[in-house]
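Open the model in your viewer and show the ligand as sticks. The tour starts at the ligand and works outward.

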Amino acid sequence: MTHKLKIAVQKSGRLNEDSLKLLKDCGIKVENGGDKLKSTAFGFPLEVLFLRNSDIPQYVEDGVVHLGIIGENVLLEAQSDVEIVQKLGFARCRLSLAVPKEVEYTGVDWLNGKRIATSYPVAINQYLSVKGIEAELHLINGSVEIAPAIGLADAVCDLVSSGNTLFSNGLKEVEVLLKSEAILISHKNLAPEIAALRSSLHFRIQSVLNARSYKYVLLNCPEDKLDSIKKILPGMKSPSVLPLAEKGWVSVHSVVQEDDFWNIIDALKANGAEGILIIPIEKMIY
Ligand code: PRT
């Protein structure tokens, strides 16, 4: 009998496209078939179930599926007993408290005795209890941002990414409760054959994520600048250095992290690097 790993992916919404793109970059093609709830993948023994983000933690805890891709904030609300395997770097957002922009917000104490509208009761309750604040919660599913304008609440606790929704509803962000991104979660007690498939998929995912956060850099520099250039380029081990046809010049190859990218390029130029080429990396295996 051939074993298959079962993964739950959001059916439609913010996580769907990036989740399928991640699988595709891992060499796994999945048909996102309209109303289909289940799809078989090509390129890996995998079955994909399309479910609601908020339902996935329970399915994973119960072992109905082995893995799931969800927003971190959803797991906090669900309090499901699952393992977090990997942060995936997309669907980044923060869960924040916001108040009408005309409010003179003096700090968390301002929230004492106030009414807070939210769809995230677990996160806000944990936050308020740590801060020792007593507030009244109004649970709303969706369109939380309009609650202050219609007199239902004094503050809201909602997810924010660009901040446009808060801004267009006359609200300002005053506290960040948590930062969230998409995560891969797993059932805790997988059979050995399924655990082996999970390791193999996880290895592919890590290689794709590493590649996404690095760029390959090639540059030319005079030999007498090589020491200072090497200090700027961290690389995986140390940069590769090859002689150029022109005497006294070398070509340097290395990888740099996306986060530091522009600072490193500026420093390379200032230290005599020329003809700098930046190339995306498809997979990165350690
Ligand atoms: O319906 P289902 O259960 O499948 O999922 P869902 O209702 O959680 O779906 P969806 O697609 O809205 O969100 C999926 C996940 O994406 C969330 O659980 C978060 O982890 C993550 N995410 C990232 C966001 C946002 N960014 C986001 N901006 N989820 C929601 N928002 C909403 C927010 O609630 C607010 O209404 O977008 C609005 C604010 O956006 P900005 O850009 O104006 O600040």
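**At the ligand**

Select Asn53: one of its polar backbone atoms is 2.8 Å from an oxygen atom of the ligand. A polar contact here is a pair of N or O atoms within 3.5 Å. This is a predicted model, where local features need pLDDT of at least 70, side-chain atom pairs count only at pLDDT 80 or more, and totals for chains, interfaces and linings use all residues. Residues are numbered from 1 along each chain as its sequence is written, and side-chain values use heavy atoms, leaving out hydrogens and water.

Next, select Asn73. An N or O atom in its side chain is 2.5 Å from a ligand oxygen. Then pick Thr165, where a side-chain N or O atom is 2.5 Å from an oxygen of the ligand. The protein covers 80% of the 820 Å² of accessible area that the ligand has on its own (Shrake-Rupley method, 1.4 Å probe).

**The shell**

Now select every residue with a heavy atom within 4 Å of the ligand. You should get 22 residues, and the closest include Arg14, Ser162 and Gly163. Colour them by type: six are nonpolar, twelve polar and four charged. Gly counts as polar in this split, while Tyr, Cys and Pro are among the nonpolar ones.

**Elements and domains**

Which elements each supply at least two shell residues? Select α3 (72–78), β9 (155–160) and α5 (164–168). β9 gives the most, with three residues. Helices (H or I, at least four residues) and strands (E, at least two) are DSSP runs, numbered from the N terminus.

Finally, colour domain 1 (5–89 + 181–190) and domain 2 (93–179): each gives the shell at least three residues. Domain 3 spans 214–280. Its centre is 39 Å from that of domain 1, taken over C-alpha atoms. The bounds come from an automatic or database domain assignment.

Methods. Polar contact = N/O pair within 3.5 Å; in protein donor to acceptor, adjacent residues only side chain to side chain.
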